[in-house]
Amino acid sequence: MHSPHPNQEKKSVNQADHTHNECKPSNKDLVQLLAEFVPKSQIIREVFIDSSALKNLPEKLLHHFGQSKVILIADENTWSAGGLAAQNELQKAGYVVEKLLFPANPQPRPTIETARTLSDELRSDNLIPVVVGTGVLNDLVKFAAFKAGKSYCCVPTAASMDGYASAGSVLSDQGFKITHNCAPPKLILIDLDILGAAPSAMSSWGYGDLAGKVPAGGDWIIADSLGLENIDKIAWPLVQGNLRLCLENPEGIRKGEPESLQSLIIGLLLTGLAMEFFGSSRPASGADHQIAHIWEMEHHQFNGQLVSHGACVSIGCLSTMALYEWLLQQPLERFAYNKSNYKTMEDKETEIQCLFREPEIARRALVETKKKHLESGQIEERIDQLKNVWPKLKSRLQNHLLPTTKLKYLLEAANAPIRAYQIGISEEHLKKTIRAARFIRSRYTILDLLDQTGLMDKALSEAQLPL
Ligand SMILES: [Zn+2]
């Protein structure tokens, strides 16, 4: 996906020895894993994590970018969270610092247009872009720096999402949210004090984003079993191998404890690396994210605020888990396919027009849907294949998925939403979203399996959705 980076300087992950927060043994394993995999990134040169990492920003920038003017990109909130302190550290060290500040209200929209405008600002020579912020800012700067042909540095201000280390930027293009391939940051500098000072809701969003990898893994297992997309030997363990460990202390996330935040942010970073290595977001994103993206494309608000990506994923995750729990009770090995449930491409087009009012979104959804459409003969083959693989597939899914009650308990303990109404989504809206979600990506998930078998309606009426 990326050509090898010309800069062959030594790459490393540093957990500084003088950290004030002793690593728990489990965190040591995670730190080691990160240290093992960062050097395999084609772009990321260093991930530096420490309890007062910001003090090291000047020296780290000098090492990775040389002495140039710095442009700090933040919004009014992230400026107080870390931007101002970053400016002080840099100026003390003799850096000339420019700042580019977005308003906190309204927040900048993650659109390709905004990212292109930003890109023009970053083009000038000898300017090091340093983004101090979270999801949207990170996506905007990642795309803008990539288009401007620049490496950049990322200073996260909350453990709120999985995109810091990923090679994709999720931006809307004419209303349709897609993941654009870009380069991740050259340097990620994580100050655990800043993460700990972030509102606890923001860490719960990151926790929700990470919890979504449980059903996303189920979707990949289905695609693997049907021979559609094989499980990757590197990306899979990187995300799934440590998921339970990274999710194991939700109370610590709620309280902002450094050890818990450290394991959460490393879990999120490993996910980002897995996406870079695999070349797509498959290792980290399935039906749970498709559901979330629908609400993001709707600019869904609750109490006057845009609902965050992680909160949307939390509900997308539990909705998908409910569908899995229902599916695992179905004796699919004896499934009798009802041919009248077959949907032609024209049927799907009608459904898409009905579900997506924006013409451009409907057009893009149609393109994605055509990529995975099966003709009637093919669908019967698919059903036969599913019946054959089901006993084994079922046990693989059972081994992989956590019980939904457990996941719900964990998410609630982390302070993430566990019912759709908590983010202002009604039962009708949730069901409509679940029906719509499979149309926005060609990626095969449980939603396609339910659709192709004609079981979607039954599943939606019987599954214990998180209402
Ligand atoms: Zn995500």
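Good morning. The four donor atoms around the zinc ion subtend angles of 51 to 136°, which makes their arrangement irregular; four donors would be tetrahedral if all angles lay between 85 and 135 degrees, or square planar if opposite donors were over 155 degrees apart and all others between 65 and 115. The model is predicted, so local features need pLDDT of at least 70 and side-chain atom pairs pLDDT 80 or more, while totals for chains, interfaces and linings use all residues. Residues are numbered from 1 along each chain, and side-chain values use heavy atoms, without hydrogens and water.

Which residues hold the zinc ion as protein donors? They are Asp209, through two OD entries, His289 (NE2) and His309 (NE2), at 2.1 to 2.7 Å. A donor here is an N, O or S atom within 2.8 Å of the metal (3.2 Å for Na, K and Ca), and since water is not among the atoms, sites may look incomplete.

Histidine 289 belongs to helix H13 (residues 287–297) and histidine 309 to helix H14 (residues 309–327), so the pair ties together parts 20 residues apart in sequence. Helices are DSSP runs of H or I with at least four residues, numbered from the N terminus. Histidine 289 is buried at 5% relative accessibility, whereas histidine 309, at 22%, is partly exposed; buried means under 20%, exposed over 50%, and partly exposed in between, with a 1.4 Å probe and protein chains only.

Let us follow H14 further. Ser314, Cys317, Leu318, Met321 and Glu325 in H14 meet Thr404, Leu407, Lys408 and Leu411 in H18, contact being heavy atoms within 4.5 Å.

Terms used
Four donors count as tetrahedral if all angles lie between 85 and 135 degrees; four count as square planar and six as octahedral if opposite donors are over 155 degrees apart and all others between 65 and 115; anything else is irregular. Helices (H or I, at least four residues) and strands (E, at least two) are DSSP runs, numbered from the N terminus.
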